[in-house]
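Open the model in your viewer and keep the sequence panel beside it, since this tour moves from one selection to the next. At each stop, select the residues named and then look at what surrounds them.

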Amino acid sequence: MVVESNCEIPENLLYYIDGKNTVWAKQESSDTVLVGITDIAQTMAGKVVKVRIKKKGTKLEKGKPVATMESGKWAGPVPAPVSGEIVDVNGEVEKSPVLVNRDPYGNGWLVRMKVANPEELKQLYTGAQAVQKLKELVASEKISCKRL
(Lines give C-alpha, C1' and ligand atoms only; values in the text may rest on other atoms or scores of the structure.)
Protein backbone atom coordinates (compact mmCIF):
# COMPACT_ATOMS: atom_id res chain seq x y z
CA MET A 1 0.00 0.00 0.00
CA VAL A 2 1.36 3.39 -1.02
CA VAL A 3 0.07 6.48 0.80
CA GLU A 4 0.30 9.88 -0.93
CA SER A 5 -1.21 12.95 0.81
CA ASN A 6 -3.22 10.57 3.03
CA CYS A 7 -4.59 8.85 -0.10
CA GLU A 8 -4.34 5.07 -0.02
CA ILE A 9 -3.19 3.47 -3.29
CA PRO A 10 -3.21 -0.35 -3.07
CA GLU A 11 -0.61 -1.71 -5.47
CA ASN A 12 -2.40 -5.03 -6.01
CA LEU A 13 -5.37 -3.51 -7.86
CA LEU A 14 -5.96 -2.59 -11.51
CA TYR A 15 -6.89 1.03 -12.20
CA TYR A 16 -8.98 2.74 -14.86
CA ILE A 17 -7.82 6.35 -14.97
CA ASP A 18 -9.60 8.74 -17.29
CA GLY A 19 -8.99 12.37 -16.42
CA LYS A 20 -10.34 12.80 -12.89
CA ASN A 21 -12.27 9.53 -13.00
CA THR A 22 -10.35 6.90 -11.05
CA VAL A 23 -11.86 3.46 -10.64
CA TRP A 24 -10.27 0.29 -9.27
CA ALA A 25 -10.80 -3.30 -10.34
CA LYS A 26 -9.76 -6.33 -8.33
CA GLN A 27 -9.34 -9.49 -10.36
CA GLU A 28 -11.16 -12.29 -8.54
CA SER A 29 -10.87 -14.93 -11.26
CA SER A 30 -9.74 -15.03 -14.88
CA ASP A 31 -13.01 -13.42 -16.00
CA THR A 32 -14.43 -11.69 -12.90
CA VAL A 33 -13.53 -8.33 -11.34
CA LEU A 34 -14.81 -6.39 -8.36
CA VAL A 35 -15.17 -2.67 -9.11
CA GLY A 36 -15.20 0.46 -6.94
CA ILE A 37 -13.94 4.04 -6.78
CA THR A 38 -10.55 5.03 -5.42
CA ASP A 39 -9.78 6.86 -2.19
CA ILE A 40 -8.87 9.84 -4.40
CA ALA A 41 -12.26 9.74 -6.16
CA GLN A 42 -14.24 9.53 -2.91
CA THR A 43 -12.27 12.48 -1.49
CA MET A 44 -12.87 14.59 -4.61
CA ALA A 45 -16.59 13.75 -4.51
CA GLY A 46 -17.03 14.53 -0.83
CA LYS A 47 -19.70 12.83 1.26
CA VAL A 48 -21.63 10.56 -1.09
CA VAL A 49 -25.37 10.88 -0.47
CA LYS A 50 -26.77 8.75 -3.28
CA VAL A 51 -25.53 5.78 -5.30
CA ARG A 52 -27.52 4.29 -8.16
CA ILE A 53 -26.03 1.06 -9.47
CA LYS A 54 -27.00 -0.50 -12.81
CA LYS A 55 -28.98 -3.74 -12.50
CA LYS A 56 -27.50 -7.21 -12.45
CA GLY A 57 -27.40 -8.55 -16.01
CA THR A 58 -26.60 -5.13 -17.53
CA LYS A 59 -23.99 -5.39 -20.30
CA LEU A 60 -21.63 -2.44 -20.57
CA GLU A 61 -18.84 -1.19 -22.78
CA LYS A 62 -15.63 -0.05 -21.09
CA GLY A 63 -16.03 3.58 -19.95
CA LYS A 64 -19.85 3.44 -19.75
CA PRO A 65 -21.32 3.99 -16.26
CA VAL A 66 -21.71 1.03 -13.87
CA ALA A 67 -23.25 3.48 -11.40
CA THR A 68 -23.97 7.14 -10.77
CA MET A 69 -23.14 8.92 -7.55
CA GLU A 70 -24.19 12.17 -5.95
CA SER A 71 -22.56 14.15 -3.19
CA GLY A 72 -23.08 17.68 -1.93
CA LYS A 73 -20.62 19.02 -4.51
CA TRP A 74 -20.61 16.48 -7.31
CA ALA A 75 -22.83 14.14 -9.33
CA GLY A 76 -21.63 11.88 -12.06
CA PRO A 77 -21.02 8.48 -13.54
CA VAL A 78 -18.66 5.77 -12.33
CA PRO A 79 -17.13 4.31 -15.51
CA ALA A 80 -16.73 0.58 -16.11
CA PRO A 81 -13.00 -0.27 -16.15
CA VAL A 82 -13.65 -3.06 -18.70
CA SER A 83 -16.45 -4.21 -20.98
CA GLY A 84 -18.65 -6.93 -19.55
CA GLU A 85 -21.77 -7.86 -17.66
CA ILE A 86 -22.72 -6.89 -14.12
CA VAL A 87 -23.16 -10.17 -12.22
CA ASP A 88 -23.53 -8.77 -8.71
CA VAL A 89 -24.29 -5.38 -7.14
CA ASN A 90 -23.52 -4.09 -3.66
CA GLY A 91 -26.99 -3.27 -2.32
CA GLU A 92 -25.47 -2.09 0.98
CA VAL A 93 -23.91 0.90 -0.79
CA GLU A 94 -27.29 1.94 -2.20
CA LYS A 95 -28.77 1.80 1.33
CA SER A 96 -25.77 3.47 2.97
CA PRO A 97 -23.83 5.51 0.35
CA VAL A 98 -21.28 6.77 2.91
CA LEU A 99 -19.68 3.27 2.77
CA VAL A 100 -18.01 4.50 -0.42
CA ASN A 101 -16.31 7.25 1.61
CA ARG A 102 -15.50 5.12 4.65
CA ASP A 103 -14.16 2.00 2.93
CA PRO A 104 -13.66 2.58 -0.81
CA TYR A 105 -11.54 -0.57 -1.28
CA GLY A 106 -13.62 -2.84 0.97
CA ASN A 107 -17.30 -2.60 1.91
CA GLY A 108 -17.69 0.33 -0.51
CA TRP A 109 -17.30 -1.80 -3.66
CA LEU A 110 -19.98 -1.22 -6.31
CA VAL A 111 -20.29 -4.11 -8.77
CA ARG A 112 -18.86 -7.46 -9.70
CA MET A 113 -18.43 -7.84 -13.46
CA LYS A 114 -17.89 -10.76 -15.80
CA VAL A 115 -15.19 -9.52 -18.17
CA ALA A 116 -16.16 -9.72 -21.86
CA ASN A 117 -12.64 -9.24 -23.21
CA PRO A 118 -9.77 -10.29 -20.89
CA GLU A 119 -7.38 -8.31 -23.14
CA GLU A 120 -8.88 -5.11 -21.69
CA LEU A 121 -7.51 -6.01 -18.24
CA LYS A 122 -4.02 -5.53 -19.70
CA GLN A 123 -4.93 -1.95 -20.66
CA LEU A 124 -5.54 -0.95 -17.03
CA TYR A 125 -2.83 0.64 -14.90
CA THR A 126 -1.11 -1.57 -12.34
CA GLY A 127 1.68 -1.47 -9.78
CA ALA A 128 4.27 1.32 -9.99
CA GLN A 129 2.72 2.77 -13.17
CA ALA A 130 -0.68 3.13 -11.45
CA VAL A 131 0.89 4.60 -8.32
CA GLN A 132 2.78 7.18 -10.40
CA LYS A 133 -0.31 8.17 -12.41
CA LEU A 134 -2.44 8.52 -9.24
CA LYS A 135 0.30 10.49 -7.44
CA GLU A 136 0.33 12.93 -10.39
CA LEU A 137 -3.45 13.37 -10.06
CA VAL A 138 -3.15 13.97 -6.30
CA ALA A 139 -0.48 16.62 -6.94
CA SER A 140 -2.27 18.33 -9.85
CA GLU A 141 -5.58 18.51 -7.94
CA LYS A 142 -3.85 19.36 -4.62
CA ILE A 143 -5.79 16.56 -2.89
CA SER A 144 -5.36 15.40 0.67
CA CYS A 145 -7.54 12.35 1.24
CA LYS A 146 -9.82 11.97 4.18
CA ARG A 147 -12.36 9.38 5.20
CA LEU A 148 -15.69 10.23 6.78
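Begin by selecting Val66 in this predicted model, and then show the residues in contact with Val66, which, leaving aside its neighbours within four places in sequence, are Ile53, Lys54, Leu60, Val78, Ala80, Ile86, Val111 and Met113. Val66 belongs to the largest nonpolar core, a set of 28 residues in which Val66, Leu110 and Met113 touch the most other members. To see where this core comes from, colour β3 (14-18), β4, β5, β6 (48-53), β8 (65-71), α3 and β11, each of which supplies at least two of its residues. Apart from this core lies another one, of 18 residues, and you can find it by selecting Ile9, Ile17, Trp24 and Ile143, which are among its members.

Stay with Trp24 for the next stop, and add Tyr105 to the selection. The structure holds one aromatic pair, and Trp24 and Tyr105 form this pair in a tilted arrangement, with 6.1 Å from centre to centre and 45° between the planes. Trp24 lies in strand β4 (residues 21-29), while Tyr105 lies in the loop between α3 (99-102) and β11 (111-115), so the pair ties together parts that are 81 residues apart in sequence. Both Trp24 and Tyr105 are buried. For another ring, select Trp109 together with Arg112, and you will find that Arg112 lies over the face of Trp109, at 5.2 Å from the ring centre.

Now turn to strand β5, which spans residues 32-37, and visit two of its residues in turn. Select Ile37 in this strand: is Ile37 buried or exposed? Its relative accessibility is 5%, and because the cut-off for buried is under 20%, Ile37 counts as buried. Around Ile37, not counting residues up to four places away in sequence, you can pick out the residues it touches, namely Thr22, Val23, Trp24, Gln42, Met69, Val78, Val100, Pro104 and Leu110. If you then draw a distance from the C-alpha of Ile37 to the C-alpha of Pro79, it should read 9.3 Å, although these two residues are 42 apart in sequence.

Next, select Thr32, which is also placed in strand β5 and is buried, with a relative accessible area of 16%. Show its side chain, and look for a polar contact of 2.9 Å with the side chain of Ser29, and for another, of 3.2 Å, that joins the side chains of Thr32 and Asp31. Beyond its neighbours up to four places away in sequence, Thr32 touches Lys26, Gln27, Arg112, Met113 and Val115.

With Thr32 still in view, extend the selection to residues 32-114, where the UniProt record, an unreviewed entry, places the feature "domain: Lipoyl-binding". Over this stretch the chain is 19% helix and 43% strand, and the end C-alpha atoms are 5 Å apart.

The last stop is Lys73, which the same kind of record, an unreviewed UniProt entry, covers with the annotation "modified residue: N6-lipoyllysine". Lys73 is found in the loop between β8 and β9 (75-79), and Lys73 is exposed, with a relative accessible area of 62%. Which residues does Lys73 touch, not counting residues up to four places away in sequence? Select Thr43, Met44, Ala45 and Gly46 to see these contacts of Lys73.

Notes. Residues numbered from 1 in each chain as written. Predicted model: local features only at pLDDT ≥ 70, side-chain atom pairs only at ≥ 80, totals over all residues. Heavy atoms only, no water. Helix = DSSP H or I, 4+ residues; strand = E, 2+ residues; numbered from the N terminus. Buried < 20%, exposed > 50% of the residue type's maximum accessible area, 1.4 Å probe, protein only. Contact = heavy atoms within 4.5 Å. Polar contact = N/O pair within 3.5 Å; in protein donor to acceptor, adjacent residues only side chain to side chain. Phe/Tyr/Trp six-rings, centres within 6.5 Å; stacked < 30°, edge-to-face > 60°. Lys NZ or Arg CZ within 6 Å of the ring centre and 35° of its normal. UniProt positions renumbered as here; feature names shortened; annotations may be inferred. Core = buried A, V, L, I, M, F, W, Y, C linked by side-chain atoms within 4.5 Å.
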